[in-house]
Amino acid sequence: MNSTKYIITSVAFSLLILMGCSKMEMDLPHNSCDNSDIINPNHPKAMALQEKLDQIVDLGVPGIVISLKDADGIWASTSGLSKIETKTQMEICHLQFGQSVAKTYMATAILLLYEDGKINLDEKITNYLPESTLKDIANSNEATVRTLLNHTSGIAEYNDKPNYVTFLLQHPLHVFSTENYLDYVRGASPKFSPGEKQSYTNTNYILLALIADELTGDHKQFIREEILSTHGLINSYYHNEDFMNYPELVNTYWDRYSNGKIENCSDMHRINVGSLIGDDGIIATPIDYVSFLEKLLTNQILSESTMEEMLDFIQTKPDSPDGYGLGISQEFINGHEQIGHTGGGIGAGCILGYYTDNDTYFFLAINLGVSITPKIAEPFEKIADEIYDILLK
């Protein structure tokens, strides 16, 4: 099964606008990072992986970055540009958009509250959210915290609603509030009854963020303090002040008409990301992403028993062994188990994963949009699959 489908096909914003990407220029200074003390320059997979990164840039992807940690240590590298306009080379210190990888951080925050006895995973969400928040949202009276976490709530999806897409077409740079997103599902039919099946839904994680707000006063600060700061993820940011304007953050691009013509869509992309809570909103360096996943899966953030809850995977399709746990996915690549999460948006795409067979953690990101399939999708998928094969060796 091809895992690259999650990077190249729509993940979120799949119907986003065909307008509003400015060809802006950014000439901001950025910090130069030096990870020479932790990176193994003689990593046995370095040469083969670098060749693949360069091939992907040769296809037309502006920039790409990879980081990994396995039995031979940590290695990270890049190819291409973080900012085409100023010919700024992509560096491993540049901040990358995590997109839906934020769901794993959000789920981790909820599970920390569960460990503190502040939330019951199997309680209805009406016990945690006011009636005004859940008004006219179908299934909200029956859905539990767990069904939000593993996408079995059946609650409607906000970003596939025609009126949402229409408004975006007319207001491409509009800053949405959380209430705006929820308004798009008020009165909408549910996907199914809670627990009946599984269907990936961004609305679930907006509601989880609001639950965490109720319990902590500020879920953003809670994530920053209890996950990022506590665990030394000093190059990771979740809704920090003005974080969409950090100079280390990459510019983002898209192939608007799938014709190979790359345009800068950084303004629109950053507004989208900055508007979303729970289902998006994380930026970090590649090595920080890998460090987070390793700490999570080795029980350094959550207890072993809580991780058993998180890794209780629900089958996502009747004819597939792939599954989804509590904010984390399970996929089988040619029979090899990969655990992690993918992320995609109008101007970027990434995958954060862990191969259980050979104890390999990795993060791969591009600053080219994946919500509208770029012209180079097919050759990109082929080379990306070759990268996964190298990682699995």
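Helix axes here are lines fitted to C-alpha atoms over the stretch in contact, and angles run from 0 to 180 degrees between N-to-C directions. With that in hand, look at helices α3 (residues 102-115) and α11 (residues 286-297) in this predicted model: they pack at an angle of about 40 degrees, with their axes 12 Å apart. The crossing of α3 past α11 is left-handed. On the α3 side, T104, Y105 and T108 make the contact, and Y289, F292 and L296 do so from α11. Sort those contact residues by character and you get four nonpolar, two polar and no charged.

Now step over to the sheet. It's an open one with nine strands, in the order β3-β2-β1-β14-β13-β12-β11-β10-β9, and the pairing is antiparallel. At the edges sit β3 (88-89) and β9 (314-315), each pairing on one side only. Helix α13 (residues 377-392) packs on this sheet, where it touches β1 (63-70), β12 (336-344), β13 (349-355) and β14 (360-366). The direction of α13 makes about 160 degrees with that of β14. Back at the β3 edge, β2 (residues 73-83) pairs with β3 through two bridges, antiparallel again; K83 has T88 of β3 as its bridge partner.

Zooming out, the chain has 13 helices and 14 strands. Its C-alpha atoms fill a box of roughly 55 × 50 × 40 Å along the principal axes. How does the radius of gyration fit with a compact globule? A compact globule of 393 residues would come out near 21 Å, so the chain's 20 Å agrees. Buried residues make up 59% of the chain. And of the contacts between residues at least 6 apart in sequence, 71% join residues at least 24 apart.

Terms used:
Residues numbered from 1 in each chain as written. Predicted model: local features only at pLDDT ≥ 70, side-chain atom pairs only at ≥ 80, totals over all residues. Heavy atoms only, no water. Pairing = 2+ DSSP bridges. Helix = DSSP H or I, 4+ residues; strand = E, 2+ residues; numbered from the N terminus. Contact = heavy atoms within 4.5 Å. Left-handed = near helix turned anticlockwise from the far one by under 90°. Nonpolar A, V, L, I, M, F, W, Y, C, P; charged D, E, K, R; others polar. Rg over C-alpha atoms; globule rule 2.2 N^0.38 Å. Buried < 20%, exposed > 50% of the residue type's maximum accessible area, 1.4 Å probe, protein only.
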